[in-house]
Amino acid sequence: MAPIAVGDVIPDGTVSYFDEQDQMQTVSVHSLAKGKKVIIFAVPGAFTPTCSMKHVPGFIEKAAELKSKGVDEILCISVNDPFVMKAWAKTYPENKHVKFLADGAGKYTHALGLELDLSDKGLGVRSRRYALLVDDLEVKVANIESGGEFTVSGADEIVNAL
């Protein structure tokens, strides 16, 4: 399966998160993105060094600037369960705009064609690191990393693309 690319419509699928009332919500990705300009970025794993110290903090720090440029939602997806994503989100008390979404079984990641097999590192099948700029479900920017790299999918690259 070819990875998602510029011009593609993002597939629909379900992801889960805990809302402000600490209730687990399972929603469709299309319900979060239809009619909106959204950033969907993904990381191989919650609490992993590059994800926790660089990728996520970049989007939290640039959230106000991204919003000022018309971005409605900033969505972080990881192949982890919603409880892990909730605990990870709590490590960023300054976060006001990034929504942490769980793709527990990796089905949405698979639908995007962005799986990364990290079984040799004991992590199983996860997501490649990427950042997508999506406008009304159509991919406008697809910054997809190779392997474990972090060179093109940061918040700065999305800011520069807007």
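**Pockets and overall fold of a predicted model**

**View 1. The second largest pocket and its lining.** The second largest pocket encloses about 170 Å³ of space, a pocket being an open set of points on a 1 Å grid over the protein atoms alone, where a 1.4 Å probe fits, with protein on both sides within 12 Å along at least five of seven lines. Lining residues, those with an atom within 4 Å of a point, include Pro44, Cys51, Leu116, Lys121 and Arg129. Helix α2 (residues 49-68) gives the most to this lining, with 3 residues. The model is predicted, with local features needing pLDDT of at least 70, side-chain atom pairs counting only at pLDDT 80 or more, and totals for chains, interfaces and linings using all residues. Residues are numbered from 1 along each chain as its sequence is written, and side-chain values use heavy atoms, without hydrogens and water.

**View 2. The largest pocket.** The largest pocket has a volume of about 430 Å³, a volume being the space filled by probe spheres set on the grid points, which are joined across faces, edges and corners. Of its 18 lining residues, Phe18, Ala89, Asn95, Val98 and Phe100 lie nearest the centre. The largest share of this lining, 4 residues, comes from α3, while β1 (14-18), α3 (82-89) and β5 (98-102) each supply at least two residues.

**View 3. The protein chain as a whole.** The chain has 5 helices and 9 strands, taken as DSSP runs (helices H or I, at least four residues; strands E, at least two) numbered from the N terminus. Along its principal axes, the C-alpha trace spans about 40 × 40 × 30 Å.
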